[in-house]
Amino acid sequence: MLQSKLFSKTTKNSPEGEEARNAQLLIKGGFVFKNSAGIYSFLPLGWKVAQKVMDIIREEMNAIGGQEMFMPALIEKKYMEPTSRWNLDVGFFAKGLRDKEPHFVLGWSHEEVLTAIASKHVHSYKDLPFAAYQIQTKFRNEARAKSGLLRGREFMMKDLYSFHATESDLESYYERAKEAYFKVFERCGLKSFYTLAGGGVFTDKFTHEFQVLSDVGEDTIFLCEECGYAENEEISKLKGGDACPKCSGAIAMKKSIEVGNIFNQGTKYSESLGLYFTDEKGEKHPVIMGAYGIGVSRLMATIVEVHNDEKGILWPESVAPFKVHLVSLGDSGEVTEAASKVYESLVRHFGEFEVLYDERKASAGEKLNDSDLLGIPWRVVVSEKTLAAKKVELKRRSEGESQLVNEEEFFRAVANNVNLKK
RNA sequence: CGGAGCGUAGUAUAAUGGUAGUAUAUAUGCUUUGGGAGCAUAAGGCCCGAGUUCGAUUCUCGGCGCUCCGACCA
């Protein structure tokens, strides 16, 4: 992809008033556009990142038997009333001009909708267990949107729901989901901590959150620095300096970002919405449910919060918008010609959509600074200097030093993901 | 929802009760090319409403919007 053709541009100035690092960098780099507080557009560059994050999530959800589907964003009142979740502050309500009262709420969670659908398809223990999920825009009327993409009024979320005949079956699935979640966050370059928490408007039971340590996080957790056991302060009786209840290690108080959560919802929704099955003995029981959420846009913002430096973003390779950033410096015919050849060669190896080629006629400083801001993992520079040496310059975004390599060495380094430092 | 602050060009900012300035970005031309280059020319702006005033971008009130703190929350 040619950078001159990219729809969004980087900006030199930071957006006014934004303190959140993820908002500064994502807006400045042209990944997202802020339409309103807590409401963002994903520009082509940011959408590529979001797609990669979603692909990782899909792979891991599919791996635990999740079936992807898609549900409506407009949820009719009749779905939410049985669970007493119609009139909640979290909702954005929708009504037509001819309506006196709203008949719909913009979906902020989909337990009711999916449970109602399941009640038409699930009748026997033979229909269980199953799990279905979607990746969809959620709407929540935040009292205060803040911290860039970390807390939005409209945001992307993966929500998976599992349905079981027995508590023990749910518990074993819960464990599988937990492992899948760890994989998702690890693949996104994040260390997450499995944290005991409360259930909010979703369940009366304890739930588990996946927390990533960050000073901008709005959660506070008590974390064992030995074994990683963690409790959210909202339900914890621990305090800093206590001994870990699991391993007696030291407990520390940490700020963190909740990137995912998993809930045992029991039979709350199945009983309210009439989702029952008949067991082997012919007896009817409510289906036992679990819910598993990941905020996709929040996850993307968290990656930026964790992986950045004073120059810009350092995308983990798994979610980077491009694998390689080719930058030509100087616009002499020789440089342009050589860079074009390198571009063709890179495209053959990695595909057009993994290579961003900055062929703009701009100063070296501008192009290099933009490259740092965009945070693509590998940078290849072609210039008079590299031509003279008959090589290209290769640099990882995460490392300070670059080196001159020939084409063969370059592909070997990128393919094997080797560090350049000696 | 409570508190504080802020709304000036695409972006970031300055000053001002009487012609609104700078940087950057944009367009054109020439020069320049290893860390946000130079010269010239052009185009581009006071959130909305009411009030005070001869005159309001400036003062007052209201609204809307944005940021931060708090409450609330996933």
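A residue is buried if 20 or more other C-beta atoms, placed from the backbone, lie within 10 Å of its own, exposed if 12 or fewer do, and partly exposed in between. The model is predicted: local features need pLDDT of at least 70, side-chain atom pairs count only at pLDDT 80 or more, and totals for chains, interfaces and linings use all residues. Residues are numbered from 1 along each chain as its sequence is written, while chains are lettered from A and ligands numbered from 1 in the order in which they are written.

**Exercise 1.** Determine whether Tyr 79 is buried or exposed, and describe its surroundings.

*Solution.*
Step 1. Tyr 79 belongs to helix α3 (residues 77-80); helices (H or I, at least four residues) and strands (E, at least two) are DSSP runs, numbered from the N terminus.
Step 2. Tyr 79 has 23 C-beta neighbours inside 10 Å and therefore counts as buried.
Step 3. Two residues are in contact if their C-beta atoms, placed from the backbone, lie within 7 Å. Leaving aside neighbours within four places in sequence, the contacts of Tyr 79 are Glu 112, Val 113 and Ala 116.
Step 4. Glu 111 is 32 residues from Tyr 79 along the chain, and their C-alpha atoms are separated by 9.5 Å.

**Exercise 2.** Establish the strand order of the open sheet that contains β4, β5 and β6, and identify its edges.

*Solution.*
Step 1. Two strands pair if DSSP finds at least two bridges between them.
Step 2. The 3 strands are ordered β4-β6-β5, with antiparallel pairing.
Step 3. β4 (74-76) and β5 (93-94) each have a single partner strand, so they stand at the edges and one side of each lacks a neighbour in the sheet.
Step 4. Between β4 and β6 (residues 104-106) there are 3 bridges, and Glu 76 is placed opposite Phe 104 in β6.

**Exercise 3.** Compare the pairing of β9 with β10 and with β12.

*Solution.*
Step 1. β9 (residues 192-197) pairs with β10 (residues 207-213) in the antiparallel sense over 6 bridges; here Leu 196 faces His 208.
Step 2. With β12 (residues 230-232), β9 pairs in the parallel sense over 2 bridges; here Thr 195 stands opposite Ala 230.

**Exercise 4.** Locate the largest nonpolar core relative to the domains of chain A.

*Solution.*
Step 1. A nonpolar core is a set of buried Ala, Val, Leu, Ile, Met, Phe, Trp, Tyr and Cys residues joined through C-beta atoms within 7 Å.
Step 2. The largest such core has 93 residues, and those with the most contacts inside it include Val 53, Met 300 and Leu 326. Helix α5 (residues 167-187) gives the most to this core, with 7 residues.
Step 3. Domain 1 (15-309) and domain 2 (322-416) each supply at least three residues to this core; domain bounds come from an automatic or database domain assignment. The C-alpha centres of the two domains lie 39 Å apart.
Step 4. A second, separate core of 9 residues includes Cys 224, Tyr 229, Ala 230 and Ile 251.

**Exercise 5.** Characterise the surface near RNA strand B.

*Solution.*
Step 1. A residue is near a molecule or strand if its C-beta atom, placed from the backbone, lies within 6 Å of it.
Step 2. RNA strand B is surrounded by 46 residues, the closest being Ala 37, Arg 140, Gly 200, Ala 364 and Gly 365.
Step 3. Two or more residues come from each of β13 (251-266), α9 (364-374) and α10 (384-388); α9 has the largest share, 8 residues.
Step 4. The composition is 13 nonpolar, 15 polar and 18 charged residues, where Ala, Val, Leu, Ile, Met, Phe, Trp, Tyr, Cys and Pro count as nonpolar, Asp, Glu, Lys and Arg as charged, and the others, Gly among them, as polar.
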